Amino acid sequence: MTSQLHRAMSPDDVAPNTGRGGDIRVLLGPATVGATSGLLGVVLVEPGDQVNEHYHPYSEEFLYVVEGPVVLDLDDVPHEVRTDQAILVPIGVRHRLRNTGTSPARVLFQLSPLAPRPDLGHVDTEQVS
């Protein structure tokens, strides 16, 4: 039996979200496959670009750098994260993902648990530059 839950997703299957910087694509989530406990996606960050600072009041965020390196600012403390490294962003911690290198960065992200409503899951703390 084939269902939405068993659909393989690629970045080409979802529209880019560039409103917070970078090219964010949620691959597995409530809107794409009916996920109920979290979401998984990929973000492409061009050299000199960033995903602006924000926090998640209900979710931990797990980041894995597929191609990098990147700098992840956690509550204003920079952490360099290289290719094949992962890092945890705890609930409520402000974070910003920056590409300070010379080639595009690709980062896999997973958030869990989901917020009670989508509009409560993400709090922006700075505007797109």
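This is a short chat about a pocket and two buried residues in a predicted model.

Me: Hi! What kind of model is this, and how are residues numbered?
Reply: It's a predicted model, where local features need pLDDT of at least 70, side-chain atom pairs count only at pLDDT 80 or more, and totals for chains, interfaces and linings use all residues. Residues are numbered from 1 along each chain as its sequence is written, and side-chain values use heavy atoms, with hydrogens and water left out.

Me: Cool. Where does E61 sit, and is it buried or exposed?
Reply: E61 lies in strand β4 (strands are DSSP E runs of at least two residues, numbered from the N terminus). E61 counts as buried because its relative accessibility is 7% (buried is under 20% relative accessible area, exposed over 50%, partly exposed in between, with a 1.4 Å probe and protein chains only).

Me: Which side chain does E61 make a polar contact with?
Reply: The side chain of H95, at 2.8 Å. A polar contact is a pair of N or O atoms within 3.5 Å; within protein, one must be able to donate a hydrogen and the other to accept it, and residues adjacent in sequence count only if both atoms are side-chain atoms.

Me: How far is E61 from L40, C-alpha to C-alpha?
Reply: 9.6 Å, with the two residues 21 apart along the chain.

Me: Switching to R25: which strand is it in, and what does its side chain reach?
Reply: R25 is in strand β1, and its side chain reaches the backbone oxygen of V14 at 3.1 Å.

Me: And is R25 buried or exposed?
Reply: R25 counts as buried, because its relative accessibility is 16%.

Terms used
Helix = DSSP H or I, 4+ residues; strand = E, 2+ residues; numbered from the N terminus.
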